[in-house]
Amino acid sequence: MTLWSKLIVVALALVVVVGCDSPEEKHRKGMLKLIRQLDDPSDAVKLSAARSLRNWKYYRDPQAEEMVAPLSRCLKASDAEVREAAALSLSAMGPTAAKAKPALVVALGDPDTFVKMGAAGALASIGDLSEETIRILATMLHDERRAVRKSAVEAIGSTGASAVPVLDSFRLLANDPDSGVRYSAAKSIGEIGPPAAPLTDMLVEWVRQDDIRWGGVRNVTCEALGKIGPDAHESLDALHEAMMADDGRVRANAARAVWLISGDTETTVPVLQECLDAMVAGLQGGSSGSGDEPVRVTVPDRQARYDAN
């Protein structure tokens, strides 16, 4: 081999060594490229980048905070899908996206349903919300769109006892026509816990709804009363009635709530044992299918989602 040939081989080897990035370096370069694309003039490029950054390998990256500012800017994009994608990516980041809270609070006033939902969900995921933000979320309980009301009440519930200043706003949902909204409201009241005791009377009305369509709401309402604890003592009569419901989940959660509120084991333990026996018997009965068939999920387009919400 001539000297020139040897030099060419060495040069090629150096090129290969220098140009061969480690997996970490490739990941880092890919992440930085997506972050730059968030400021691209094209909405299509922005949308693709915002959706890609929702991948766990990016939002769990130690340098993920670098995504926050450009994603916050995307909340002002002209395209609603870009704004929604940015809100969802910030939601996936959780507390790491804390600096995006001001932009997300502004996005709560977005005219697009899914942007509002995404912003509310992101704020709930980030946590540590100010009273002013919680009050803004409470105003969304007036919204005519059920999906917005549901997202708002879930975000309020995620703040726990910090939601006390807006407790009365939950009464707006007392007769909400959507069972999903009532379900989320009851669950959120349970997350607030003992400070939600002033809402016990409303929860009692929900527990006493024996319409089958209220099954899930009654179930989670019983759970909420149990989490409120002894301060929900005025619900005991309704809970004892619910211990005789046809729905085993309602019976079990009503019995558990009675125990948590009053410490009564004499009437609750037999009901809980009965429900446990029924559950075991159901499990021993075997599954209803082989599980070999793949589950096919159809993702509706944006217009279909609007129609549904």
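The expected span of a helix is 1.5 Å times one less than its number of residues. Helices (H or I, at least four residues) are DSSP runs, numbered from the N terminus.

This is a predicted model, in which local features need pLDDT of at least 70, side-chain atom pairs count only at pLDDT 80 or more, and totals for chains, interfaces and linings use all residues. Residues are numbered from 1 along each chain as its sequence is written, and side-chain values use heavy atoms, with hydrogens and water left out.

**Exercise 1. Helix H10**

Task: Compare the span of H10 with its expected span, then find what covers its buried residues.

Solution:
- Step 1. H10 runs over residues 146–157, which is 12 residues. At 1.5 Å a residue, the helix should span 16 Å.
- Step 2. The end C-alpha atoms of H10 are 16 Å apart, so the two values agree.
- Step 3. Count the buried residues (buried means under 20% relative accessible area, exposed over 50%, partly exposed in between; 1.4 Å probe, protein chains only). In H10, 9 of 12 residues are buried, so the helix is mostly covered. Among them are Val148, Arg149, Val153 and Gly157.
- Step 4. The cover includes helix H8 (113–126), helix H9 (131–139) and H11.

**Exercise 2. Serine 188**

Task: Is serine 188 buried or exposed, and which residues does serine 188 contact?

Solution:
- Step 1. Place the residue: serine 188 sits in helix H11 (residues 179–192).
- Step 2. Its relative accessible area is 3%, so serine 188 is buried.
- Step 3. List its contacts (heavy atoms within 4.5 Å). Setting aside neighbours within four places in sequence, serine 188 touches Val153, Glu154, Gly157 and Phe170.

**Exercise 3. Tryptophan 206**

Task: Describe the surroundings of tryptophan 206.

Solution:
- Step 1. Tryptophan 206 belongs to helix H12 (residues 200–207).
- Step 2. With a relative accessible area of 2%, tryptophan 206 is buried.
- Step 3. A polar atom of its side chain lies 2.9 Å from the backbone oxygen of alanine 174.
- Step 4. Arginine 218 is 12 residues away along the chain, and its C-alpha atom is 6.1 Å from that of tryptophan 206.

**Exercise 4. Salt bridges**

Task: How many salt bridges does the structure hold? Work through three of the pairs.

Solution:
- Step 1. Apply the cut-off: a side-chain nitrogen of Lys or Arg within 4 Å of a carboxyl oxygen of Asp or Glu. The structure holds 15 salt bridges.
- Step 2. Aspartate 39 pairs with arginine 73, with the closest N and O atoms 2.8 Å apart. Aspartate 39 is in the loop between helix H2 (23–37) and helix H3 (43–52), and arginine 73 is in helix H5 (residues 68–74), so the pair ties together parts 34 residues apart in sequence.
- Step 3. Glutamate 131 and arginine 135 meet at 2.9 Å, N to O. They are 4 residues apart in helix H9, which means about one helical turn separates them.
- Step 4. Glutamate 274 and arginine 251 meet at 3.8 Å, N to O. This pair links distant parts of the chain, helix H16 and helix H15 (residues 248–262), 23 residues apart. Glutamate 274 is partly exposed at 43%, whereas arginine 251 is buried at 15%.

**Exercise 5. A surface patch**

Task: Which residues form the nonpolar patch on the surface?

Solution:
- Step 1. The residues are Leu276, Met279, Val280 and Leu283.
- Step 2. Together they have about 380 Å² of accessible area (Shrake-Rupley method, 1.4 Å probe; for residues, only the protein chains shown count as cover).
- Step 3. Patch residues have over 30% relative accessible area and no salt bridge; like charges are joined within 9 Å, nonpolar side chains (Val, Leu, Ile, Met, Phe, Trp, Tyr) within 5 Å.
- Step 4. Check one of them: leucine 276, in helix H16 (residues 268–284), is partly exposed at 39%.

Definitions and conventions
Helix = DSSP H or I, 4+ residues; strand = E, 2+ residues; numbered from the N terminus. Polar contact = N/O pair within 3.5 Å; in protein donor to acceptor, adjacent residues only side chain to side chain.
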